[in-house]
Amino acid sequence: MGLIRTIALVVLTISFIVFIALFGRLPVFRRTQISFLHQLLWRHIPNGFIAVDERLTGRRVSRSLSRTGNYLMNEKHPLVLLFFLGLQVIGEVLFVPAAWDRLSASQKFIIPCLISGPMAFLYLSAATSSNITTQNHGTCMRAYPYDFALFHPGYFCSTCRFAKPARSKHCPICKACVQRQDHHCIWINNCVGRNNYLWFNLLIVATAALLAYGARLGYVLLDARLQERLVPSALTRGSVSSKRWSTGLSWAEYWHCWAWAISVEWRVGSVMMLTMLSFPLATGFLVYHAYLVWAGMTTNESAKWSDWREDIRDDLVYRARISQLRETYPKLPDDVEPRDEDIRRPWPRGARAKWWLVRMVDGRQPTLRKKGENGKEGVGEGAGNEGNEEVPDERWAKVHSLREVDNVYDLGFWANLKDSMLNRG
């Protein structure tokens with residue numbers, strides 16, 4: 001019992017810390033205990049450690065750890081990918097040989113398929129690039145329309161010197177702008193973007209399937225071992241129904257038997273517990289990305305929409321019809337703002353932005369410089385200081401709820417699924 005409790009607590013603690021570290025900044029957890037724990041993990045605990053280290057060593061230890069952490073989190077390296085791959089390989093090396101002689105023919109066929117799936121998709125996710133280059137920049141510009149909320153035409157990447165395509169983002173780790181950038185994933189040492197989003201999701205599905213099957217198979221094998229040990233077949237020979245080993249046991253006795261089985265079959269038992277406790281984390285990734293597909297968003301866009309929601313609550317956001325604003329702000333050149341008819345299929349021609357969103361720092365309605373009858377700036381004759389007078393621009397109306405804002409990238413679940421998985425550069 002003590003062994004099971006110790007292993008379970010260790011694995012659960014690690015899984016929970018990883019969950020907090022990876023998911024704590026998501027908008028859905030904002031102003032929750034998960035967000036507080038994320039800040040505690042990434043801000044308060046490090047600051048407390050630095051304060052102590054300042055007194056003891058003059059921050060020599062914290063500077064060394066900071067350089068190490070900066071390399072691990074902000075540099076492109078394969079260490080985490082190798083750890084992820086090594087964890088899978090070590091688990092399989094421990095589990096499969098110990099269980100092979102007790103497997104049925106169908107199980108011996110399924111296991112190699114389940115093992116090869118995550119490895120193949122891990123390779124494809126890591127090796128497939130969604131970076132924007134001089135060769136594919138024109139194609140990337142025509143991949144998605146601008147929504148004039150999260151993405152506006154006319155912005156240039158200060159590093160890559162490219163006009164930024166809609167739904168793209170510059171990754172400081174990959175040191176490139178990425179098409180339809182979702183996030184940079186340290187597990188695959190690559191950005192998840194337009195070209196490898198399919199492989200990344202298949203990696204999550206394959207990993208979750210492997211964990212679920214490994215947990216189930218480990219349970220079946222250890223349960224059979226307990227049945228053989230505690231209820232030999234000779235005792236139930238001739239009985240109408242065979243007796244289960246757990247019949248009549250108290251909970252303490254039940255877990256004591258499992259502790260014995262895991263200690264005897266430690267290779268199968270330890271891998272079984274690891275898969276059981278890791279499966280919820282993989283499932284969480286899968287559910288979250290299914291939600292993103294349903295909502296027509298990426299992880300990057302989800303954070304941006306959350307910022308807009310907060311600004312709307314603070315009465316800082318206005319919108320105006322793009323058709324009306326074109327009188328003041330004409331379209332940019334085609335190489336900066338592609339024409340609607342140039343947006344590539346399968347993106348539907350009818351899915352275009354109708355509203356232009358702005359964020360006003362002071363919350364005041366955008367203004368328009370008034371002109372006199374002679375066409376000069378100002379009021380009336382446009383003389384004196386009155387030429388600088390600005391009046392509220394009635395084309396802009398305050399946004400009171402995020403429901404008033406359309407996400408032009410949300411075409412419905414099946415269209416979103418087709419776009420995210422099959423619309424590749």
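Which side chains meet in a salt bridge at 2.8 Å, N to O? Keep that one in mind while we look at the pair below; everything here comes from a predicted model.

## The Arg244 salt bridge

The partners are Arg244 and Asp223, whose side chains come together at 2.8 Å, counted from N to O. They sit in distant parts of the chain, 21 residues apart. Asp223 belongs to helix H7 (197-230), while Arg244 is in the loop that runs between helix H7 and helix H8 (251-264).

If you go through the whole structure, a total of 15 salt bridges turns up. The Arg244 and Asp223 contact is a salt bridge too, at 2.8 Å.

## Annotated transmembrane stretches

The unreviewed UniProt entry marks residues 6-24, 79-100, 106-124, 198-222 and 271-294 as "transmembrane region". That label comes from the record, but you can check what the model does over those residues.

Take residues 106-124: the span is 100% helix with 0% strand, and its end C-alpha atoms are 27 Å apart. Residues 198-222 are likewise 100% helix and 0% strand, with 36 Å between the C-alpha atoms at the two ends.

## Two domains and what lies between them

The domain assignment splits out domain 1 (1-74) and domain 2, the latter made of two pieces, 299-367 and 391-422. Going by C-alpha atoms, the centres of the two domains are 37 Å apart.

So how many residues of each domain are in contact? On the domain 1 side there are 4, and on the domain 2 side there are 7. Between them, the domains bury about 390 Å², with 43% of that on carbon and sulfur atoms. On the side of domain 1 that touches domain 2, you'll find 2 nonpolar and 2 charged residues, and no polar ones.

Looking for specific pairings across this boundary? The salt bridge count between domain 1 and domain 2 is 0. For residue pairs in polar contact, with both residues at pLDDT 80 or more, the count between the two domains is also 0.

Conventions. Residues numbered from 1 in each chain as written. Predicted model: local features only at pLDDT ≥ 70, side-chain atom pairs only at ≥ 80, totals over all residues. Heavy atoms only, no water. Domains from an automatic or database assignment. Contact = heavy atoms within 4.5 Å. Buried area = accessible area lost by both parts, 1.4 Å probe. Salt bridge = Lys/Arg side-chain N within 4 Å of Asp/Glu carboxyl O. Polar contact = N/O pair within 3.5 Å; in protein donor to acceptor, adjacent residues only side chain to side chain. Nonpolar A, V, L, I, M, F, W, Y, C, P; charged D, E, K, R; others polar. UniProt positions renumbered as here; feature names shortened; annotations may be inferred. Helix = DSSP H or I, 4+ residues; strand = E, 2+ residues; numbered from the N terminus.
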